[in-house]
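Reader: Hi, could you walk me through this one slowly? I would like to ask about it piece by piece.
Author: Of course, let us look at it together.

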Amino acid sequence: MFYMFAGIILIFSLLSVTTRRILRAAVYLLCVLLATAGLYFMLNYQFMAAVQLTLYAGGIVVLIIFSILLTSHITHRFKHPDLVKLIMGAGTAAVGAGLVISTLLSHSFQASTAPELPVNMTTIGTQLLSTEKNGYVLPFELISILLLAAMIAAIVIAKKEKNKNSEI
Amino acid sequence: MIQGIPIEHFLIVSTIMFFIGVCGFIIRRNLITMLMAIELILNSVNINFVVFNRYLYPDQLQGHFFSLFIVGIAAAEAAVAIALIINIYRKLRNIDVENVNEMKF
Amino acid sequence: MTGFAYTILIPLIPLIVFLVTGLLGMKWKPIVSGLLGTIGMGTTFTLSLLTAGKYFFGGHHADGFQTIIPFETTWLRFTDTLHINMGILLDPISVMMLVVITTISFMVHLYSLGYMKGEKGFARFYAFLSLFTFSMLGLVIATNIFQMYIFWELVGVSSFLLIGFYYTKPSAVAASKKAFIVTRFADLGFLIGILILSFVTGTFDFGKLTEPGTAIFGSAASMSFMGISAMTWAMTLIFIGGAGKSAMFPLHIWLPDAMEGPTPVSALIHAATMVVAGVFLVARMFPVIHFQAPAAQEIIGYVGGFTSLFAAVIAITQFDIKRVLAFSTLSQLGYMMLALGVSGYGGEEGLGYMASMFHLFTHAMFKALLFLGAGSIIHAVHSNYMYDMGGLRKYMPVTHITFLIACLTIAGVPPLSGFFSKDEILVAALHHNKLLFAVEFIVAGLTAFYMFRLYFNVFWGKDRHYHHTPHESPLTMSIPLMFLAVASVFSGFLPFHHLVTSDKMGFDTEMHMAVAVPSVLIGLLGIAMAWILYKKESSIPAKLANKFGILYTATYNKFYFDEIYLFVTRRIIFNYISRPIAWFDRHIIDGFMVGIGLVTEKISYQIKGMQSGQLQHYAFMFVAGTLALALSLLYFLM
């Protein structure tokens, strides 16, 4: 099961950065995100998986597809990327991946023997809004403000300037 | 469901995904596909957080919450980025990153 | 003796006048500044006369004159023993100098009202005059050598300002710089001398230094440098300072050039006050020099003698009347220095000292008169050169008479004052050093000759073609002339030997006929020769000049001293010392600094290209850099 998800993730993420059609790239990204949600299910974090599905797969990908439709032609195909850039990107990625994986494998992780915390909505809700130890109300509020600010900023930036006839 | 799967396998998957994202960020011209590469990077980081939480500290939920917040931040970032991209498109009539070079020397 | 507290006003009034006219003078009509300065100076003059009258004649002086310090305050306190005071010291020479300075200064102020009329910078001129007078007064009443040094430098500065008064004239600017640099150079010697002296004795006070038989020099005897005792060094260096201000050979070169200043300034500074500061300094330090450093006193005597002869010879050949007077001043200053050099201490022995001060006093009067008279002539003729003048006696009777009196005085014709003072000097020289006596004897003749050469050339001889008929100067100019003429005539009768003496005790003198008669005769001989040569236009002087040929040319060019100095400074010092240093500074030091800037600029041009604006390049650099850092940390540093 895990290896199936892992395979999907790797293949589709690779496809999503190499395909020459932009809409396909978005769809491949969606697949990657869905497979990631599958991993979360495997890890027994149902709420996380649900958030991944709704927010990422549902929200962000839809947003991206909208902007693709606004700015590009669907039939448009990209040119092949520069060779130099390709070497640069691939080389960096290969070296980085090799470095991190070798470090990972040389490190022995100590699996914890502590009893598992049951992860249900009650626990999550309580901890998210708690001010006690293990409470996350402060980052929660911060995120709320950040989202609000980002929303306003997005509207302001994307708004058509006055005195300019729009061409979109 | 994860009995028998060592933690390293999860981490290798997320690492490869991360560097695919980095690679995509560097080689793609289109701003939107670059944005997608960033989503890949964030996603791989999310996996890492969740996996560490499950394997190493199952009695706490820190990694879980961090992933949640990252999802929120990713959403905000995507919204602002797309607004910017649309603005750039209005100005340049395309969204090639190579044309966005006004802020050089 | 008390009741001298008001003397503090004597230096303060010129200072206040200077500040007021200097700061506000531009806003007033020029004449207001002039009147203010003149009235202030008149007050100071009156106060000085009062002080002198009270000091010299106000009491019974069986045991000599007391030194009075009516006012003193600590200005800078470094340690208990080392502190610098500011104060007023009254003793015979300082009171005499007060009278000299304020008299001449007052006359010059009055005279300038006419002479400088309509000049640009009238108020500035009066402000500088006041500043100069203040500095000079502060100098003579100094209670300690350091205060004297401070005012000494102030005098230097204000004379610089006054010589360079016509600051649009390049020659005036050059002259003021020359005067300043040369005297400044000499002042360095003065300062080092002060430091040695105070190191040896631990005090700056004149009172302690000049006290007879004092013990503070006890430690000095053992100290020596290069085989010469510390006190001789100190006194010689201090004398160099005095020689700079008094324009003794070989530091005389600034004085003739300083004639670029307005003529009243020449009268004030270069005849009567500033140039005698050096003489005054030596007189002030006289007990120290005489008892502690006899070798330095010898030097003073010979330098004075040589300067007087040297300057008198040059004066014969000059045509600029102010330059003739300048060299004559040099010559007379040489007399004074020589008198100090041959003087003993106390009673009859101190004749030279008394004669020097006496001559200083009379010389101030008649030389100021000569300069002011010259100023009057220049004012009328608009030229400095005697071949532009002639026959002026018809046009300018007052100037003519007063000038004649001054010439007779300086030539030593009895019973005018110059006769008495010069006679005393000759007597003192005869008693101590026959060689110097011979020199002075010749110089007396030369003095008479060149003064009357000047006189006959200017007032007799043929009429020239003047641009407009010369006219007598206005009253403000002729009153000082008359006053000074009277002073020149009668100041010889002052009983100086009772008043100003080396040990402050009076003594009696008598006429030394054996000296007086020959000196008068040689003076008359000089006058007669001038009469023959210059009374009527004749070709004899030119023939003589041809006959002496090279000697004449050398003398006319002041023995090429300016050229030698120029050669030494410009050719040798500038070329071989300053230029390499300048080159080093410009190319190595500056080059180093400029190089840093240039290299930075070049590098920044090179790396500018990295700021390409390409986001992906940045991302690549960032990731690659992070990886490189991580790799190096993991595999090379751990």
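**Talking through the chains**

Author: Read along the sequence, chain B follows the pattern α-α-α, which amounts to 3 helices and 0 strands. Please keep in mind as we go that this is a predicted model.

Reader: Okay, and how many of the residues of chain B count as buried?
Author: Of the 105 residues of chain B, 55% count as buried. As for its internal contacts between residues at least 6 apart in sequence, 48% of them join residues at least 24 apart.

Reader: What about chain A, how many helices and strands does that one have?
Author: Chain A has 6 helices and 0 strands, and from the N terminus on its elements run α-α-α-α-α-α. Of its 168 residues, 24% count as buried, and among the contacts in chain A with a separation of 6 or more, 45% come from residues 24 or more positions apart.

Reader: How many residues does each of chains A and B bring to the contact?
Author: The contact takes 70 residues from chain A and 63 residues from chain B. On the chain B side, α1 (7-27), α2 (31-56) and α3 (62-92) each supply at least two residues, and α3(B) gives the most, with 22 residues. By class, this side of chain B has 46 nonpolar, 10 polar and 7 charged residues.

Reader: And how many residues of chain B are in contact with chain C?
Author: There, 11 residues of chain B are in contact with 10 residues of chain C. The chain B residues on that side divide into 7 nonpolar, 1 polar and 3 charged.

Reader: Can we zoom in on one residue? Where is A:Phe78?
Author: A:Phe78 is placed in the loop between α3 (46-71) and α4 (83-106) of chain A. Leaving aside residues up to four places away in sequence, A:Phe78 touches A:Arg20, B:Arg29 and B:Asn30, so its contacts include residues of chain B as well as one of chain A. A:Phe78 and A:Arg21 are 57 residues apart in sequence, while their C-alpha atoms are 6.5 Å apart in space.

Reader: Why does A:Phe78 count as partly exposed?
Author: Because A:Phe78 has 16 C-beta neighbours inside 10 Å, and a residue needs 20 or more to be buried and 12 or fewer to be exposed, with partly exposed in between.

Reader: Changing topic, which residues touch the most other members of the largest nonpolar core?
Author: That core has 199 residues, and C:Val282, C:Met357 and C:Ala368 touch the most other members. Helix α15 (residues 351-381) of chain C gives the most to this core, with 20 residues. Apart from it lies another core, of 72 residues, among them B:Phe25, B:Met34, B:Leu35 and B:Val51.

Reader: What does C:Val282 touch, then?
Author: Not counting residues up to four places away in sequence, C:Val282 touches C:Phe239, C:Gly242, C:Ile289, C:Ile300, C:Met337 and C:Leu340.

Reader: Is helix α14 of chain C enclosed or open, and why?
Author: It is largely enclosed by the rest of the structure, because 21 of the 21 residues of α14(C) are buried. Its length can be checked too: at 1.5 Å a residue, the 21 residues of this helix (residues 321-341) should span 30 Å, and the end C-alpha atoms are 30 Å apart, which agrees.

Reader: Which way does phi go in A:Asn44, positive or negative?
Author: Phi of A:Asn44 is positive, near 75°, in a residue other than glycine. Most residues other than glycine have a negative phi. A:Asn44 lies in the loop between α2 (22-42) and α3 of chain A, and with 15 C-beta neighbours inside 10 Å it counts as partly exposed.

Reader: And what is the phi of C:Ala247?
Author: C:Ala247 has a positive phi of about 55°, although it is not a glycine. C:Ala247 lies in the loop between α8 (230-245) and α9 (254-257) of chain C, and it is buried, with 29 other C-beta atoms within 10 Å.

Reader: Last one, what is the mean pLDDT of chain C?
Author: The mean pLDDT of chain C is 80, and 87% of its residues reach 70 or more. For the complex, the predictor gives an ipTM of 0.87 and a pTM of 0.65. Where pLDDT is low, the predicted coordinates should not be read in detail.

Methods
Residues numbered from 1 in each chain as written. Chains lettered and ligands numbered in written order. Predicted model: local features only at pLDDT ≥ 70, side-chain atom pairs only at ≥ 80, totals over all residues. Helix = DSSP H or I, 4+ residues; strand = E, 2+ residues; numbered from the N terminus. Contact = placed C-beta atoms within 7 Å. pLDDT = per-residue confidence, 0-100. Core = buried A, V, L, I, M, F, W, Y, C linked by C-beta atoms within 7 Å. Nonpolar A, V, L, I, M, F, W, Y, C, P; charged D, E, K, R; others polar. Expected span 1.5 Å × (residues − 1).
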